[in-house]
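Open the model in your viewer and keep the selection box handy. We will go step by step.

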Amino acid sequence: MVSSNTVELLREEIPVNQQPFTLSPNIKTGLVLVDVVNGFCTVGAGNLAPKQPDDRISHMVEESVRLSKAFSERKWPIFAFLDCHHPDQPEPPYPPHCIIGSNEEKLVPDLLWLENDPNATLRQKDCIDGFLGSTEKDGSNVFIDWVKNNEIKQILVAGICTDICVLDFVSSVLSARNRGFLSPLENVIVSSQACATYDLPLHVAKTNKDLVSHPQELMHHVGLYIARGRGANIASEVLFE
């Protein structure tokens, strides 16, 4: 386990500039949920789910639910990515996870209502980066269409894992925005409280040559730091007018 002193030193050396954000109805904002599914969030649900209750992941789910309800009440658009894989199409270096029909690929119980919410768009993805996973066989992109059709000027991103699927998606969106593919999108906000990553301590990783240690708090911070460096804004708290 990484010591608290190490994490604090990291926060001092590579601080993440984050601040509270108040969302206004005058700026069209869409909520993007990244993989808030059983396979990553529900205890014991699968190979990549927490083995025991995890405070960081539980808080991420609670905050994602709060934000989803707030957006739904205001009839603001929501886009939810659902990690989903065919059993014969592995995703190295990860073990089988979120297999179709396993229930791992389903939204966590407190978000299942989104399946019937008229403001929500659900998208299964079979890769780490949801932006790439939104590409159809004809070359169109479901996420790009969602942004354009809803005239979204900023997105608020929540989900798991901060340093993997969330970061890859945010990086691709910022690159696409910079190339002019995502007009009218201007701003990308990542909620630090509504994101989380998994914990794999060093002493556990040492028991298996195929495992790589992944200290939760440290990697969550690193994910936010890199996202900020790519051009995203980091929200320490999300409020509504």
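Select residues 30-206. An unreviewed UniProt entry annotates this span as "domain: Isochorismatase-like". The model is predicted, so treat what follows as computed from it. The C-alpha atoms at the two ends of residues 30-206 lie 41 Å apart. Helix makes up 32% of the span and strand 19%.

**The sheet**

Now show the strands. Seven of them form an open sheet with parallel pairing. Read across in the order β1-β7-β6-β5-β2-β3-β4. Which strands stand at the edges? They are β1 (18-23) and β4 (120-125). Each has a single partner strand, so one side of each lacks a neighbour in the sheet. Turn the view to follow the twist, which averages 35° from one strand to the next.

Zoom in on β3, residues 78-83. Six bridges join β3 to β4, and the two run parallel. Pick Asp83: its bridge partner in β4 is Lys125.

Next, select helix α3, residues 55-73. Helix α3 packs on the sheet. It touches β1, β2 (29-34), β3, β5 (154-160), β6 (187-196) and β7 (233-240). The direction of α3 makes about 135° with that of β6.

**The core**

In soluble globular proteins, nonpolar side chains tend to be buried together. Here the largest nonpolar core has 66 residues. Select Val32, Phe143, Ile155, Val157, Phe169 and Val170, the residues with the most contacts inside this core. Which helix gives the most to the core? Colour α6, residues 162-178: this helix gives nine residues.

Stay with Val32 and show its surroundings. Beyond its neighbours within four places in sequence, Val32 is in contact with several residues, including Phe79, Phe81, Phe143, Trp146 and Phe169.

**The rings**

Select Phe79, Phe81, Phe131, Phe143, Trp146 and Phe169 together. They form one aromatic cluster.

Start with Phe143 and Trp146. Both lie in helix α5 (residues 142-149), three residues apart, about one turn of the helix. Both are buried. How are the rings of Phe143 and Trp146 arranged? Their centres are 5.6 Å apart and their planes meet at 35°, so the pair is tilted.

Now swap Trp146 for Phe169. The ring centres of Phe143 and Phe169 are 5.2 Å apart, with planes at 80°, so this pair is edge-to-face. The pair links distant parts of the chain: Phe143 is in helix α5 and Phe169 in helix α6, 26 residues apart. Both Phe143 and Phe169 are buried.

Conventions:
Residues numbered from 1 in each chain as written. Predicted model: local features only at pLDDT ≥ 70, side-chain atom pairs only at ≥ 80, totals over all residues. Heavy atoms only, no water. UniProt positions renumbered as here; feature names shortened; annotations may be inferred. Helix = DSSP H or I, 4+ residues; strand = E, 2+ residues; numbered from the N terminus. Pairing = 2+ DSSP bridges. Axes fitted to C-alpha atoms, helices over the stretch in contact; angles between N-to-C directions. Contact = heavy atoms within 4.5 Å. Core = buried A, V, L, I, M, F, W, Y, C linked by side-chain atoms within 4.5 Å. Buried < 20%, exposed > 50% of the residue type's maximum accessible area, 1.4 Å probe, protein only. Phe/Tyr/Trp six-rings, centres within 6.5 Å; stacked < 30°, edge-to-face > 60°.
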